[in-house]
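Q: Please take a close look at the surface of this protein, and then at a few side chains chosen for how much cover they have. I would like one connected account, with the cut-offs behind each term.

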Amino acid sequence: MKKRILTVALSALCITLHGQTLEECQQAAERNYPLIRQYGLIEKTTDLTMANFQKGWLPQVSVSAQTTWQSDVTSWPDQMKTVYQQMGIDMKGLKRNQYRVGIDVQQTVYDGGAISSQKAIAREQGNVQSAQVEVSLYAVRKRVNELYFSLLMLDEQILLNRDLQELLAGNERKLEAMVKGGTAAASDWQSVKAERLNVVQQASSLESQKRMLTAMLSAFCGMEVKEIQRSEELRVKSENGVECKLYTKKFFTLHSSFNRPELRLFDAQLRLADAKEKGLNSALMPRLSVFAQGYYGYPGLNMFEDMMRHKWSLNGMIGARLTWSIGALYTRKNDKTKLRLEREVTETNREVFLFNNRLEQIQQQEEIARYRKLMADDEEIIALRSAVRKAAESKLAHGIIDVNDLVREINQENAARLQQSMHEIEMLKEIYDNKFTTNN
């Protein structure tokens with residue numbers, strides 16, 4: 001049976017699917033994942049919210065119209081009315097029906113930092129939402145890894161299945177010749193042929209699983225995935241044994257620093273709490289604005305004139321207004337306590353994440369070390385199984401053993417080769433899982 005060497009790329013990430021590296025498949029899956037569209041939506045929403053807050057510096061204009069009827073109005077004292085009447089002046093007084101159509105313009109001069117705080121909060125809220133999307137998208141990588149390495153493992157099983165078919169077919173041809181020569185029973189040839197057909201059936205099942213996984217990975221990545229290609233730049237093992245040097249130390253030590261998006265989410269949440277606290281401070285500051293009011297109606301600002309002449313008039317005033325509300329003081333202590341608790345919750349979540357992350361790393365490093373030890377013996381086991389199988393072929397030719405013993409040895413050799421491939425792929429998967437855990 002020909003020797004095949006499973007090759008992997010570590011730092012260069014040379015394993016490819018249809019010419020694409022694993023990282024490129026991950027990036028393609030992220031771009032293809034519907035959630036990616038939320039980045040643009042969050043950015044546009046944040047920009048619009050901040051633009052709305054910025055418009056708080058524009059003059060605020062309001063137009064109003066009203067008509068009223070009053071139960072009483074300002075009027076001249078009866079004595080004055082009598083005096084004016086004696087002078088021939090008719091003092092009508094104000095009418096109880098009043099009318100006004102006006103416009104009010106107000107310009108904020110100083111808002112105590114309220115608008116700036118609102119913009120900062122909106123910006124940090126957008127950052128938190130983007131970080132949450134990034135966390136969700138990062139999880140897509142793990143799903144791609146699962147599909148990818150499952151496909152890689154199936155491909156190895158298919159290759160080993162083909163080698164087993166070739167080995168069984170070779171022995172089948174030998175037994176067929178022996179049957180014709182009268183040195184072997186037909187049942188021996190039939191037994192090996194049946195075993196080969198059973199392996200062919202297994203190949204059909206493996207191919208079906210491969211097509212399913214290939215279609216799933218293609219749909220996930222949004223591109224057509226065909227065959228797995230392997231680079232010859234780095235090897236898991238050589239024909240003489242395991243080459244452990246190829247797995248650099250960075251894969252076998254716990255990382256003290258991480259580049260996971262969850263950490264950026266925690267930082268964004270803390271910055272949001274800081275922005276909210278600044279907003280609490282701005283709520284205590286006074287507000288200064290200037291205003292202009294004008295209206296056309298009755299009565300006007302000159303009330304004495306309107307008492308004599310019931311006519312509509314133009315009226316206006318300008319001024320400055322200073323307001324200082326202390327209502328925020330009532331809830332300030334509780335609001336600051338809530339923000340402190342929010343920070344504590346975020347810090348606790350960060351500690352829990354880092355703790356679990358370290359546990360994951362410990363488990364992955366132990367798994368990698370375990371597979372290294374297993375792989376160190378795999379080559380010797382295969383060599384021994386191959387020697388036993390060759391000896392069994394020779395014994396069968398000399399009539400020392402029956403064909404069932406040969407088939408058993410062939411299957412055991414194939415199982416050893418399959419176990420070696422599984423160890424290699426599982427170790428490689430653990431290495432990439434470790435890379436996912438730290439994002440380094």
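A: Accessible areas here come from the Shrake-Rupley method with a 1.4 Å probe, and for residues only the protein chains shown count as cover. On that basis the accessible surface of the protein comes to about 25,000 Å², and 54% of it belongs to carbon and sulfur atoms. The model is predicted, so that local features need pLDDT of at least 70 and side-chain atom pairs count only at pLDDT 80 or more, while totals for chains, interfaces and linings use all residues. Residues are numbered from 1 along each chain as its sequence is written, and side-chain values use heavy atoms, with hydrogens and water left out.

One part of this surface is a nonpolar patch formed by Val109, Tyr110, Met285, Leu288, Val290 and Leu322, which together have about 500 Å² of accessible area. Patches take residues with over 30% relative accessible area and no salt bridge, joining nonpolar side chains (Val, Leu, Ile, Met, Phe, Trp, Tyr) within 5 Å and like charges within 9 Å; a salt bridge is a side-chain nitrogen of Lys or Arg within 4 Å of a carboxyl oxygen of Asp or Glu. Strand 4 (97-110) and strand 8 (287-298) are the elements that give two or more residues to the nonpolar patch, strands being DSSP runs of E of at least two residues and helices runs of H or I of at least four, numbered from the N terminus. Tyr110, which lies in strand 4, has a relative accessible area of 37% and is therefore partly exposed, a class between buried (under 20%) and exposed (over 50%), with a 1.4 Å probe and protein chains only.

Turning to covered positions, 38% of the 440 residues count as buried. Leu263, in helix 6 (residues 261-282), is one of them, because its relative accessibility is 15%. Leaving aside neighbours within four places in sequence, Leu263 is in contact (heavy atoms within 4.5 Å) with Phe258, Arg350, Phe353 and Leu354. Of these partners, Arg350 is 87 residues away along the chain, yet its C-alpha atom and that of Leu263 are separated by 7.0 Å.

Charged side chains can also be buried here: Arg389, in helix 8 (residues 327-397), has a relative accessible area of 4% and so counts as buried. Its side chain makes a polar contact of 2.7 Å with the side chain of Glu413, that is, a pair of N or O atoms within 3.5 Å, where within protein one must be able to donate a hydrogen and the other to accept it, and residues adjacent in sequence count only if both atoms are side-chain atoms.
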